[in-house]
Amino acid sequence: SLAIVPVFADRELNLRFSLDTHSGMAHGILTRSARVTANLAARARSLTWAPAASVFDGRITATSNYARRAAPGFASPCGPIGIPRCVRTAAASAASMKQVTFEPDTLPSVGLSSSGLDAAAGDLLVLAVTEEEFATEGDVTSIKSEQLRHLDESLGGVLTEIVAWGGFDGKQGSSSRVVRYTGPGTKAKHVAMVGLGKGAKLTAAADWGVSPFQALGGAVATLAKTNKAVDVTVTLLTQPDPVLRERALSQIVTGALLGGYESSRFKSKKSPTASKLASVQVLMDLDAAAADSAVARGVAAARGNLVTRYLVEAPPNVCTPTHLAEAAAHIAAKSPDVFTLKVYEKDECEAMGMGCYLGVAEASAEPPKFIHLKYSPKGGSASRKIAIIGKGLTFDSGGYNLKAGAGSMIELMKFDMGGAAATLGAACILAELQPGDVEIHFIIASCENMVAGAGLRPGDILTAANGKTVEVNNTDAEGRLTLADAMWFAQEKCGVTSMVDIATLTGACIIALGDNIAGLFTPSDSLAADLTAASKGAGEKIWRMPMEEEYFESLKSSVADMKNTGARYGGSISAALFLKQFVKEGVEWAHLDVAGPVWNEKLGLPTGFGAQLLAEWAVAQRAAN
């Protein structure tokens with residue numbers, strides 16, 4: 001039912017209304033405007049309700065939730081499963097929110113060019129150079145290498161002009177001034193240079209952080225965006241070692257596709273600073289087949305990163321547990337030959353005894369969604385089963401231990417599903433790479449951590465799916481509770497022998513490592529080595545942290561098997577020790593605490609951290625076999 005109450009006064013007063021399908025209650029509209037009353041009443045009458053659908057292994061089955069078919073002017077950002085909170089609480093808004101996508105519809109085209117520099121056309125020519133090409137005396141930098149001097153002559157001295165402006169000496173990721181060009185040697189309209197750093201360090205796997213080629217791609221995208229360039233050609237003055245060229249091209253592609261990123265999906269007007277980049281051509285000595293493979297790999301990595309960013313940046317009234325389930329369905333639908341999806345509803349999780357997970361979810365009006373996306377290699381056979389488990393708290397209020405006060409970051413707790421986003425981003429990448437001989441399970445126990453009379457209280461005791469009991473002494477240490485049951489599922493239901501969980505788990509890890517580095521916790525030296533190698537290949541920084549067993553003493557409870565939090569100090573370590581209690585003997589396990597690097601606080605944007613790292617690790621498992 002819907003109550004519309006006219007109020008007579010001199011000016012309009014519009015208050016929002018909501019329809020609560022769970023309780024059957026209708027909230028009233030209070031308005032002084034006859035026009036608003038009539039319009040809202042007409043819209044309310046046009047609302048229809050129908051059973052929603054969940055995707056199970058490619059089949060569609062009805063659920064007990066409801067889906068909404070909206071009248072014109074009503075938002076439907078979360079897709080067909082369930083009723084997003086944004087519809088219930090903001091339905092009276094005059095502005096409609098666009099359908100929210102999971103990834104960009106299109107990306108700039110990228111490829112290898114076989115033509116020479118003199119044939120390079122378009123808006124911008126970028127020359128990639130090393131530090132050794134230049135000499136600096138005092139504050140004056142000049143061209144040093146004969147090769148670059150010769151190229152400068154063929155381009156009419158434009159490179160000397162660029163260097164004369166100062167501020168550029170070839171350091172990794174640095175960009176020169178962009179100069180308009182109409183002279184000989186190239187058909188490009190503008191010329192610029194980007195630094196690769198030291199020539200001796202031209203590698204596709206840097207010891208720390210991004211590689212020179214990733215930095216090059218990112219710098220090219222930034223130059224293109226800043227200068228409104230549509231078509232860009234990139235050439236490397238010093239070609240990489242032949243064994244590195246395929247990987248180098250792949251990384252240039254990924255960097256170029258990500259470097260111009262900005263968030264615009266939730267803005268009412270088109271961004272005036274949006275990149276216009278449509279095409280990137282790279283001049284490199286590489287055969288066509290290897291180039292095609294490299295480009296495909298680079299595009300896959302970029303798409304996975306963008307899926308991760310899109311999920312993390314979405315507000316919590318859009319990115320609900322249902323939205324995450326729909327994102328998984330989107331990935332599965334694009335590659336049905338290798339992916340199957342099962343989304344477990346609350347009653348099914350109850351039947352499996354997931355008391356820790358459901359205890360966290362209890363206070364939320366949003367239904368929990370336990371997501372199991374399974375990758376099976378073509379041919380069906382796999383000698384190894386692994387799992388990637390992502391923390392999927394789409395909003396974390398802290399529960400009764402409410403996040404409050406300066407530094408609580410409650411307004412950013414939409415990114416508490418950054419681990420789940422990276423998990424799905426990795427799945428997106430692997431859908432393109434399709435490694436053989438390894439079965440991969442992507443698992444997300446998704447829910448919200450809210451406050452309500454029926455919700456989790458400090459002091460409650462929960463029973464996990466493996467039978468262990470947990471005294472909840474802090475409702476704001478909820479992520480580890482959801483992960484505990486997800487890890488049990490990976491081992492007992494999927495039979496994995498190696499698993500990595502990724503979670504925005506503790507503020508303590510940000511205190512320890514800052515906001516650019518993830519913490520790696522594992523008792524396995526071999527798994528630590530594999531993940532470190534994967535992080536270097538992805539250009540994502542991780543640092544192995546100690547697993548100090550003595551710290552578990554602070555997690556011991558007098559009334560249950562353990563508490564969910566321990567002493568104040570070493571909080572990220574005790575959190576990892578808590579998770580370790582849910583690892584079976586013989587199963588390899590690692591925990592990645594990504595609370596810091598999932599979000600760029602300075603830019604106010606997500607980073608996409610973790611997706612490429614996890615995909616690199618998963619592909620390496622095939623090689624290990």
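Two strands pair if DSSP finds at least two bridges between them. The exercises below apply this criterion, among others, to a predicted model.

**Exercise 1. Determine which strands stand at the edges of the sheet that contains β13 and β14, and identify the bridge partner of Thr235.**

Solution.
- Step 1. The sheet is open and has six strands, in the order β7-β14-β13-β8-β12-β11, with mixed pairing.
- Step 2. β7 (109-113) and β11 (179-180) each have a single partner strand, so one side of each is left without a neighbour in the sheet. These two strands stand at the edges.
- Step 3. Strand β13 (residues 231-236) and strand β14 (residues 279-283) run parallel and are joined by five bridges.
- Step 4. The bridge partner of Thr235 in β14 is Leu283.

**Exercise 2. Describe the sheet that contains β20 and name the bridge partner of Glu471.**

Solution.
- Step 1. Three strands, ordered β19-β20-β24, make up an open sheet of mixed pairing.
- Step 2. The edge strands are β19 (461-463) and β24 (562-563), each of which pairs on one side only.
- Step 3. Strand β20 (residues 469-471) runs parallel to β24, and two bridges join them.
- Step 4. Glu471 has Lys563 of β24 as its bridge partner.

**Exercise 3. Analyse the hairpin of β9 and β10, and state which side chains of β10 are buried.**

Solution.
- Step 1. Strand β9 (residues 134-137) pairs with β10 in the antiparallel sense, over four bridges.
- Step 2. Within this pairing, Ala135 has Ser142 of β10 as its bridge partner.
- Step 3. Two residues lie between the strands, and Gly138 in this hairpin takes a positive phi near 65 degrees.
- Step 4. The side chains of β10 (residues 140-143) alternate. Thr141 and Ile143 point to one face and are buried, whereas Val140 and Ser142 point to the other and are not.

**Exercise 4. Classify the packing of α12 against α15 and list the residues in contact.**

Solution.
- Step 1. Helix α12 (residues 479-492) packs against helix α15 (residues 571-580) at an angle of about 30 degrees, and their axes are 9 Å apart.
- Step 2. Angles under 35 degrees count as roughly parallel. The two helices, α12 and α15, are therefore roughly parallel to each other.
- Step 3. The contact is made by Arg480, Leu481, Leu483 and Met487 of α12 together with Ala575, Phe578 and Leu579 of α15.
- Step 4. α12 and α15 form a right-handed crossing.

**Exercise 5. Describe how α5 meets α6.**

Solution.
- Step 1. Helix α5 (residues 212-226) and helix α6 (residues 245-258) have axes that come within 7 Å and cross at roughly 35 degrees.
- Step 2. The crossing of α5 and α6 is right-handed.
- Step 3. Residues of α5 in the contact include Phe213, Leu216 and Ala221. Those of α6 include Ala248, Ile252 and Ala256.

**Exercise 6. Locate Lys228 and Met409, give the phi of each, and decide whether each is buried, partly exposed or exposed.**

Solution.
- Step 1. Most residues other than glycine have a negative phi.
- Step 2. Lys228, a residue other than glycine, has a positive phi near 55 degrees. Lys228 lies in the loop between α5 and β13.
- Step 3. Met409 is not a glycine either, and its phi is positive at about 65 degrees. The loop between β17 (382-396) and α11 (418-433) holds Met409.
- Step 4. Buried means under 20% relative accessible area and exposed means over 50%. Lys228, at 35%, therefore counts as partly exposed. Met409, with a relative accessible area of 30%, is likewise partly exposed.

Terms used
Residues are numbered from 1 along each chain as its sequence is written. This is a predicted model: local features need pLDDT of at least 70, side-chain atom pairs count only at pLDDT 80 or more; totals for chains, interfaces and linings use all residues. Side-chain values use heavy atoms; hydrogens and water are left out. Buried means under 20% relative accessible area, exposed over 50%, partly exposed in between (1.4 Å probe, protein chains only). Axes are lines fitted to C-alpha atoms, for helices over the stretch in contact, and angles run from 0 to 180 degrees between N-to-C directions. Angles under 35 degrees count as roughly parallel, over 145 as roughly antiparallel, 65 to 115 as roughly perpendicular and the rest as oblique. A crossing is left-handed if the near helix is turned anticlockwise from the far one by less than a right angle, and right-handed if clockwise. Contact means heavy atoms within 4.5 Å.
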